[in-house]
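Colleague: I'd like a close look at one part of this model rather than a tour of the whole thing. Pick the piece where strands come together and talk me through it slowly, please.

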Amino acid sequence: MPVIESTRAATRWITRIVPIILVGAVSYASFVVVGRVCSTFLINKRREVGAAIVILVLYFILLLLMIATYLRTILTVFLDTGVAPLGPRVEERRKNESETRRQGRRGTDFDSRLYYDGPDLDPDSPGLEQFYTKDVFICENDGRPRWCSECLNWKADRVHHSSEINRCVYRMDHYCPWVGGMIGENSFKYFVQFTTYTACYCGLVLGATASSLRKQVSEGSSLDAHFIAAIALAAFFGLFTFLMSFTSMRYIFFNMTNVDALSSRYKVYQLAVRVPRGTVSTDKFSVVTYPLPNSDEEPNGRSNGIVGVSNGISGARNRSGASPATRDDLATRTFAILKTEPGENPWDMGIWRNWQTVMGTNIFDWFLPLRRSPCANHESHESFYPMGHVMGDVLARYGLSGVAGKDSDNAGLEMKELGRRRSGNLEGMRTSN
């Protein structure tokens, strides 16, 4: 898998320099804690062997955990960032833009950019099926998923485009130069573990050196300059990582990201929720039917320009009045377009389930960088990410509590109806013959 890096040269240089700074800081902290505090001061001078052993054991445990989580975060950020696939037209656009720049035609480049920026209006657009095969997804006013004009592809729920790496990222949180890249759903868990262990590590360094410095002051002996320097470093990095850990934990408990938090108070989500075939638009909501009709078929639902669904059983008919093929008829799905209230988070499932979604269900996964977050699995037919009580509240407000997502009974009735019609047609043919 190709390495995902920042598109800015300055940022790439920073991400290469930061690890050197961190290695230097940790090396110096090890020299102070192991050499100056434990060996020289506590063991040789004060003969406090027990205290020194406790500090050394805790120090190396936290050091190993910090290094392990840091390395796992870096590897994930670079090799398994969690970016959404590019659309099939991206390569074509890049070739055209490259050709335009080579020929020096700026005006033409702007015109072609407008052409590529628009969403794909083809009813059979690649990638659409991954949305309407689910029971609910985030949509636009016309019932289509959100579109990324840079990646030229449909954006799944909680996917945001990062200008830093010029790619769409699943559950994007932020770009972190300390770990060298984009923090998303694949790396967020490891990032939280890393910042938490680093905060604990810095706390231990701060406590050990500050305690030793206090003892030197009380004894009236000369102060060790290394203790003062280590205290300053540990306080700086400790405060920074503690705030990062605290903020990240808050996001986990409320099932949010840094991007979500920026608009959490006023954000309104528009949801396409599967309802039984035959559901028609009302004054409260409009409907859209998938697969979308081709240009020679009538559109369906108010969101496509007509109130109601053109066929109460199977959706749209073609203009000649003929029914679609039986297989396509049964594959039709109708979605109601609903809205949340401002500030509602449809993915908030409560603190415990939110924690398990990110950190995992196994206690070892909470503390060790073993496996990715469960939320990185998008194979559920219900939605890209599990939804909480807000989904039920939205359905209740629109009067769809008992029908949303339950189309199996209708499908069975339609299958029987189609079978009855087929039998009737065969019987009629036999009679005529």
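Modeller: Let's start with what pairing means here: two strands pair if DSSP finds at least two bridges between them. Keep in mind too that this is a predicted model.

With that in hand, look at the sheet. It is an open one, built from four strands in the order β1-β8-β10-β9, with antiparallel pairing. The edges are β1, residues 136-138, and β9, residues 286-290, and each of these pairs on one side only. Going from one strand to the next, the twist averages 30 degrees.

Now follow β10, residues 333-339, and take its neighbours in turn. On one side, six bridges tie it to β8, residues 270-275, and the two strands run antiparallel. If you want to find the register by eye, Q270 sits opposite K339 of β10. Another handy marker is R274, which faces F335 across that pairing. On the other side, β10 is joined to β9 by five bridges, again antiparallel. There the pair to look for is V287 and A336, which stand opposite each other. As for how covered β10 is, five of its seven residues are buried.

As a general point, side chains in a regular strand alternate between the two faces of the sheet.

Something also lies on the sheet. Helix α12, residues 389-397, packs there and touches β1, β8 and β10. If you compare directions, the helix makes about 95 degrees with β10.

Next, the aromatics. Ring pairs link F131, Y132, F137, Y290, F335 and F384 into a cluster. Several of these names should ring a bell from the strands: F137 falls within β1 and Y290 within β9, both edge strands, while F335 is the β10 residue opposite R274. Across the model, the count of aromatic pairs comes to 21.

Which geometry do the rings of F131 and F137 adopt? Their centres are 5.6 Å apart and their planes meet at 70 degrees; over 60 degrees counts as edge-to-face, so that is what this pair is. Are these two rings' residues buried or exposed? The cut-off for buried is under 20% relative accessible area. F131 comes in at 1%, so it counts as buried. F137 has a relative accessible area of 0%, and it is therefore buried as well.

One last stop, just outside the strands. L292 lies in the loop between β9 and α9, the helix at 326-331. You might wonder whether a loop residue ends up buried or exposed. Here the relative accessibility is 7%, so L292 counts as buried. How far apart are L292 and S125 in sequence and in space? Along the chain they are separated by 167 residues, yet from C-alpha to C-alpha the separation is 9.7 Å.

So if you have the viewer open, here's a route. Begin at β10 and find its bridges to β8 and to β9. Then move to the ring cluster that includes F137, Y290 and F335, and finish at α12, where it packs on the sheet.

Definitions and conventions:
Residues numbered from 1 in each chain as written. Predicted model: local features only at pLDDT ≥ 70, side-chain atom pairs only at ≥ 80, totals over all residues. Heavy atoms only, no water. Axes fitted to C-alpha atoms, helices over the stretch in contact; angles between N-to-C directions. Contact = heavy atoms within 4.5 Å. Phe/Tyr/Trp six-rings, centres within 6.5 Å; stacked < 30°, edge-to-face > 60°. Buried < 20%, exposed > 50% of the residue type's maximum accessible area, 1.4 Å probe, protein only.
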